Amino acid sequence: MAELCPVLRYYFRHPTTDLPLNGGKVYTYAAGTLTPLATYTTQAGTVTNATPVVLDANGRASIWFGESFYRVIVKTSAGVT
């Protein structure tokens with residue numbers, strides 16, 4: 001089963017414009033590495049998110065972590081970290 005992250009639905013804003021990070025990309029890796037690590041669409045942990053998770057027009061995504069430690073990198077739609 002996936003573990004509940006601190007918030008139910010993640011929300012990201014652009015660091016310079018403060019607008020929602022429309023089309024931003026969330027990459028998840030095993031902590032301390034660049035080895036991809038799956039996240040899930042629901043708490044049941046049965047359906048994995050696409051890699052990377054693409055944020056909607058409001059800069060949001062449902063991201064549920066598994067029972068591992070994660071490294072999370074967020075980029076704009078243009079690939080800027």
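User: Looking at this fold, in what order do the three strands of the open sheet come, and in which sense do they pair?
Analyst: The order is 4-2-7, and the pairing is antiparallel. Keep in mind that this is a predicted model.

User: What makes strand 4 and strand 7 the edge strands?
Analyst: Each of them pairs on one side only.

User: How do you know that strand 2 and strand 4 are paired?
Analyst: Count the bridges. Strand 2, residues 25-30, and strand 4, residues 53-54, share two bridges. The cut-off for pairing is at least two bridges, so this pair makes it. The sense is antiparallel, and Val-26 has Val-53 as its bridge partner.

User: And what makes strand 2 and strand 7 a pair?
Analyst: Here there are six bridges between strand 2 and strand 7, residues 70-75. A pair needs at least two, so strand 2 and strand 7 qualify. They also run in the antiparallel sense. For a residue to click on, try Lys-25, whose bridge partner in strand 7 is Lys-75.

User: Which element gets the highest mean pLDDT, and which the lowest?
Analyst: Strand 2 has the highest, at 97, while strand 1 (residues 10-11) has the lowest, at 80. Over the protein chain the average is 89, with 90% of the residues scoring at least 70.

User: Why is Thr-28 called buried?
Analyst: Thr-28 sits in strand 2, and its relative accessible area is 7%. Buried means under 20%, so Thr-28 is buried. Beyond its neighbours up to four places away in sequence, Thr-28 touches residues including Thr-35, Pro-36, Phe-65 and Tyr-70.

User: What makes the approach of Thr-28 to Leu-37 a polar contact?
Analyst: The Thr-28 side chain comes to 2.6 Å from the backbone oxygen of Leu-37. The limit for a polar contact is within 3.5 Å, so the distance fits.

User: Asn-49 is in a loop. Is it buried or exposed, and why?
Analyst: Asn-49 does lie in the loop between strand 3 (39-40) and strand 4. Its relative accessibility is 14%, which is under 20%, so Asn-49 counts as buried.

User: Which backbone oxygen does the side chain of Asn-49 reach?
Analyst: That of Ser-62, which lies 3.3 Å from a polar atom of the Asn-49 side chain. The cut-off is within 3.5 Å, so this distance also fits a polar contact. Leaving aside neighbours within four places in sequence, the residues in contact with Asn-49 are Thr-39, Tyr-40, Thr-41, Ser-62 and Ile-63.

User: How many cavities of 30 Å³ or more are there?
Analyst: The count is one. The largest cavity has a volume of about 50 Å³. Thr-28 and Asn-49 both turn up in its lining, and others among the lining residues are Val-26, Leu-37, Ala-38, Pro-52 and Val-53.

User: What is notable about the peptide bond from Thr-51 to Pro-52?
Analyst: That bond is cis, and omega is near 0°. Most peptide bonds are trans. You'll find Pro-52 in the loop between strand 3 and strand 4.

User: What about the backbone of Asp-18, where is phi?
Analyst: Phi of Asp-18 is near 65°, a positive value in a residue that isn't glycine. Most residues other than glycine have a negative phi. Asp-18 belongs to the loop between strand 1 and strand 2.

User: Why is Asp-18 called partly exposed?
Analyst: Its relative accessible area is 47%. Buried stops under 20% and exposed begins over 50%, so Asp-18 falls in between.

User: And why do Thr-42 and Ala-44 get that label?
Analyst: Thr-42 comes in at 37% and Ala-44 at 46%. Both values are between 20% and 50%, so both residues are partly exposed. Thr-42 is in the loop between strand 3 and strand 4, and Ala-44 is in that loop too.

User: How far apart are Ala-44 and Gly-66, C-alpha to C-alpha?
Analyst: They are separated by 9.9 Å, with their positions 22 residues apart along the chain. For Thr-42 and Ile-73, the figures are 20 Å in space, C-alpha to C-alpha, and 31 residues in sequence.

Notes:
Residues numbered from 1 in each chain as written. Heavy atoms only, no water. Helix = DSSP H or I, 4+ residues; strand = E, 2+ residues; numbered from the N terminus. pLDDT = per-residue confidence, 0-100. Buried < 20%, exposed > 50% of the residue type's maximum accessible area, 1.4 Å probe, protein only. Polar contact = N/O pair within 3.5 Å; in protein donor to acceptor, adjacent residues only side chain to side chain. Contact = heavy atoms within 4.5 Å. 1 Å grid on protein atoms, 1.4 Å probe; cavity = no way out; pocket = protein on both sides within 12 Å on 5 of 7 lines; lining within 4 Å. Points joined across faces, edges and corners; volume = space filled by probe spheres on them.
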